[in-house]
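Colleague: Could you walk me through this one slowly? I would like to understand the helices, and then a few single residues.

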Amino acid sequence: MQYRRLGRSGLQVSELSLGSWVTYHNQVDIGAAVELMAAARDAGVNFFDNAEVYAMGKSEEIMGQVFRQLGWARHTYVVSTKFYWGIAREGLTVNFQNTLNRKYLMQAIDGSLKRMQLEFIDLVYCHRPDPHTPIEETVRAMSDMITQGKALYWGTSEWSAADIRAAYEIAERHHLHKPVMEQPQYHLFHRQRVEQEYARLYEDMGLGLTTWSPLASGLLTGKYRNGIPEGSRASLESMSWMRDQLQDTAKNGAVVQLEAVAKDLGCTLAQLAIAWINHNPRVSTVILGASRLSQLQDNLGALAVTPKLTPDVLARIDEITKPLAT
């Protein structure tokens, strides 16, 4: 495992990390979470990603219990959470759903700290942009979390380049803590934002990337070529919205062609897809998702594949996937 700086910050994160979206509480209980996180740490992973809305707070609770059970020293790992959708579902919740207003954010961090049983969270993200709240209000609230010692770094997830730049410039103008990282979706079929839209931000503000969905929710493993397998992520009722995209005929055809590339490199499709992202020097860390130990171990094998991605191999991959990428 190698470690990369998170953008222009001094913080170093493992090039592969482990997230809990969809899996924790839905597919992974506390026992499995302990097994997965322990194995990830043994492989050198030091960053574990979460969000307030994952399983309506249950994912944070499980991860907090894992930290307690494994007894890791707090300085040895980096943990994140994200705010926007909210989990308050009782009473008048107009200020606590789909927002980045100050009231919501300053109470959301306290809820996450309690669920995760932590004194501070390393990375906090604005999980989506909020067009109804002034960016300055959001920037000041996120900066105050850091000033109060409840978080160490803050960033965004799925924000436009224009909004990220606006937040950065507001923070700079008012001497506030600046956004350090963005968490975008990035994989072989979803590239434009990372490779084009954000291009100027890497040099201008030192933006770091903690990318999610490296396997396009399983599409890049080949498992959806013949429909939706029982027990897969897409078989969950809560994830039914993604079934059509996972059964996309053209993309599944490209996956078949990628299998030949993976075979030539002596790796799995998943390892090839993860290694391709890891090869991008703009990416600080690739967030993996896993519901089984064998799945995690296979994904971690991508580390050995990254050096094999020569210019010729990358060109071959581009020829297959780039015409279908957004």
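Modeller: What follows is a conversation about some helices, how they pack, and some single residues.

Modeller: This is a predicted model, in which local features need pLDDT of at least 70 and side-chain atom pairs count only at pLDDT 80 or more, while totals for chains, interfaces and linings use all residues. Residues are numbered from 1 along each chain as its sequence is written, and side-chain values use heavy atoms, with hydrogens and water left out.

Colleague: Okay, what is the span of helix H9 between its end C-alpha atoms?

Modeller: The end C-alpha atoms of H9, which covers residues 249-265, are 25 Å apart, and this agrees with the 24 Å that its 17 residues should span at 1.5 Å a residue. The expected span is 1.5 Å times one less than the number of residues, and the helices (H or I, at least four residues) and strands (E, at least two) are DSSP runs, numbered from the N terminus.

Colleague: Which residues of H9 are buried?

Modeller: They are Asn252, Ala254, Val255, Leu258, Val261, Ala262 and Leu265, where buried means under 20% relative accessible area, exposed means over 50% and partly exposed is in between, using a 1.4 Å probe and protein chains only.

Colleague: And what sits at the two ends of H9?

Modeller: At the N-terminal end, aspartate 248 acts as a cap, with a side-chain oxygen 3.1 Å from the backbone nitrogen of alanine 250. After H9 comes glycine 266, whose phi is positive, near 70°.

Colleague: Now H1, what caps that one?

Modeller: Aspartate 29 caps the N-terminal end of H1, with a side-chain oxygen lying 3.2 Å from the backbone nitrogen of glycine 31. The residues of H1 run from 30 to 42, and the helix reaches 18 Å from its first C-alpha to its last, close to the 18 Å expected at 1.5 Å a residue. H1 is followed by glycine 44, which has a positive phi near 105°.

Colleague: What covers the buried residues of H1?

Modeller: The buried residues are Ala33, Val34, Leu36, Met37, Ala39 and Ala40, and their cover includes strand E3, strand E4 (47-49), helix H2 (58-70) and helix H11 (293-300).

Colleague: Let's turn to packing. At what angle do H4 and H5 pack?

Modeller: Helix H4 (residues 135-147) and helix H5 (residues 161-173) pack at about 60°, with their axes 9 Å apart. That makes H4 oblique to H5, since angles under 35 degrees count as roughly parallel, over 145 as roughly antiparallel, 65 to 115 as roughly perpendicular and the rest as oblique. The axes are lines fitted to C-alpha atoms, for helices over the stretch in contact, and the angles run from 0 to 180 degrees between N-to-C directions.

Colleague: Which residues make that contact between H4 and H5?

Modeller: Ile135, Glu136 and Val139 of H4 meet Asp163, Ala166, Ala167, Ile170 and Ala171 of H5, where contact means heavy atoms within 4.5 Å.

Colleague: And how do H3 and H4 cross?

Modeller: The axes of H3 and H4 come within 9 Å and cross at roughly 20°, and the two helices are therefore roughly parallel to each other. Among the residues that meet there are Arg102 and Leu105 in H3 and Glu137 and Thr138 in H4.

Colleague: Switching to single residues, is serine 17 buried or exposed?

Modeller: Serine 17 is buried, with a relative accessible area of 1%, and its place is in strand E3 (residues 16-19). Its side chain is joined to that of threonine 285 by a polar contact of 2.8 Å. A polar contact is a pair of N or O atoms within 3.5 Å; within protein, one must be able to donate a hydrogen and the other to accept it, and residues adjacent in sequence count only if both atoms are side-chain atoms.

Colleague: What about glutamate 182, which side chain is its polar partner?

Modeller: The side chain of glutamate 182 makes a polar contact of 2.5 Å with the side chain of threonine 156. Glutamate 182 lies in strand E8 (residues 181-182) and counts as buried at 0% relative accessibility.

Colleague: Last one: where is serine 213?

Modeller: Serine 213 is found in the loop between strand E9 (208-211) and helix H8 (243-246), and its phi is near 60°, a positive value in a residue other than glycine. Alanine 216 is found in the loop between E9 and H8 too, with a positive phi near 50°.
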